[in-house]
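Trainee: I would like a close look at a single part of this model, taken slowly, with the cut-offs behind each term and some account of what surrounds that part.

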Amino acid sequence: MRVLKRSFFAILLVALVGLNVNCKNNKKEKLTETMEVPAEEKSTITKSEYGKMPDSTTVEAYVLKNANGVEMNVITFGGRITSLKVPNKNGDFENVILGFDNLEDYLEDNPFFGALIGRFGNRIANGKFSLNGEEYTLATNDGPNHLHGGVDGYDRVVWNAEAIEDDKNPGLKLTYLSKDGEEGYPGNLNITVVYTLTEDNTLEVDYKATTDKATVINLTQHAYFNLTGDFNNDILGHEVVINADAFLPVDGTLIPTGEIRKVEGTPFDFTSPKIVGQEINSENNQLELGKGYDHCWVLNGEKGSMRMAASAYDKNSGRFMEIYSTEPAIQFYTGNFLDGTLPNPAGGTYAHRTGFCLETQHYPDSPNQEEFPSVVLNPGETYSTKTSFRFSVKKAE
């Protein structure tokens, strides 16, 4: 009987010890599970077919996404940014760039939504300029003037694309050979534009080009922004800063007169934060000619150095965009010719002033105005410029 009792207690003791060990192991496993650190998020870049050109050339679409969830869509037709999703103050990601959701709408006439612009961004008077004693005639596609590279500028060609995979900073390299005589311009121009979406939510745009014959060049990016994330809203409530003490007055066809005018005391003074709609409808000859803001500001600071060019802030969403550039000027355009006829992907239309542009560039009509900084590129030289768009969230003061 004693033997049986001892055996029983021995078995019970072993069972209790085993149970205690298992409990400890379970607790340890659970503790390890709750303390597990998730793998670091990485950036991605994906490629797909977007559509076919009338000549059956394939248009590709690329989606660049950084580890923070910021996402940019680019198509090879025109190197166009079709959307850019950035967070608001609540962490909600929404598109802030005007565009379409299909190739057919981009093939129709549209105001250069999201496109790369060249060979010469902005206007050239009467579609003519002289270089090294020879006169060149360009297409006139804006009244009497040449605008944004002509009828088939870089916004309407299919670029070659190469994905740049990077764990933190995904990129897209776009290249195009603009042949001698294209749209009337001299020289075979080899162009490379690199879009990079960085880990600090900055879109960097790097431009480079070389030529085999003296030519003129002025590349830019023509994104229309609306930081509200709702394209049914206009952009008049945005608060804008432009780092410029002077701007270029224009004539009746929006060609610079040659004067460089101080902004102080005028509706063109954005040296400190100002609501876009504050003075846009003021009685002012220049505003009447542009039907609002459609002018070039002369940036402060040393040309060629990377410096703050402009910023835009939407109080309701908290989105804040800062622009830095090596360019000498910036064109501020307030969507004055958007008229509600173009569809937006949300099912509505792009109404009057529902988007604005801040296009870093050289002065308009520079080939015809000797006092303006030169836009001539010679063989053996490299055109090189950079602009960055940095996105963040700012709390209302």
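Mentor: Let us start from one pair of residues, Val-240 and Ala-312, since Ala-312, in β22, is the bridge partner of Val-240. The model is a predicted one, in which local features need pLDDT of at least 70 and side-chain atom pairs count only at pLDDT 80 or more, while totals for chains, interfaces and linings use all residues. Residues are numbered from 1 along each chain as its sequence is written, and side-chain values use heavy atoms, with hydrogens and water left out.

The pair belongs to a ladder of four bridges that joins strand β17 (residues 239-242) to β22, and the two run antiparallel; strands here are DSSP runs of E with at least two residues, numbered from the N terminus, and two of them pair if DSSP finds at least two bridges between them. β22 also has a partner in strand β23 (residues 319-325), to which six bridges join it, again in an antiparallel arrangement. Within that pairing, Ser-311 stands opposite Glu-322 of β23. β22 and β23 form a hairpin with five residues between them, and in the turn Gly-318 has a positive phi of about 85°.

Why does β22 count as largely enclosed by the rest of the structure? Six of the seven residues of this strand (residues 307-313) are buried, so the rest of the structure largely encloses it; buried means under 20% relative accessible area, with a 1.4 Å probe and protein chains only.

From β23, Met-321 leads on to the packing. Leaving aside residues up to four places away in sequence, Met-321 touches Ala-310, Ser-311 and Ala-312, and also Phe-225, Leu-227, Phe-356, Leu-358, Phe-389, Arg-390 and Phe-391, where contact means heavy atoms within 4.5 Å. Together with Trp-297 and Phe-332, Met-321 touches the most other members of the largest nonpolar core, which has 59 residues. The largest share of this core, five residues, is supplied by β13. Such a core is a set of buried Ala, Val, Leu, Ile, Met, Phe, Trp, Tyr and Cys residues joined through side-chain atoms within 4.5 Å. In soluble globular proteins, nonpolar side chains tend to be buried together. A second, separate core of 17 residues includes Leu-98, Leu-103, Phe-231 and Tyr-350.

Phe-231 also takes us to the second largest pocket, as it is one of the residues nearest the centre of that pocket, with Ser-83, Asn-95, Pro-345 and Ala-346, among 15 lining residues. A pocket is an open set of points, on a 1 Å grid over the protein atoms alone, where a 1.4 Å probe fits, with protein on both sides within 12 Å along at least five of seven lines, and lining residues have an atom within 4 Å of a point. The volume of this pocket is about 270 Å³, and strand β4 (residues 80-87) gives the most to its lining, with three residues.

Finally, some backbone details deserve a check when you inspect the loops. Leu-254, in the loop between β18 (244-248) and β19 (261-262), has a phi near 70°, a positive value in a residue other than glycine, and at 10% relative accessibility Leu-254 counts as buried. Glu-183, in the loop between β12 (171-178) and β13 (189-197), likewise has a positive phi, near 55°. The peptide bond from Gly-118 to Arg-119 is cis, with omega near 10°, and Arg-119 is found in the loop between β6 (115-117) and β7 (123-124).

Note on methods. Grid points are joined across faces, edges and corners, and a volume is the space filled by probe spheres set on the points. Buried means under 20% relative accessible area, exposed over 50%, partly exposed in between (1.4 Å probe, protein chains only).
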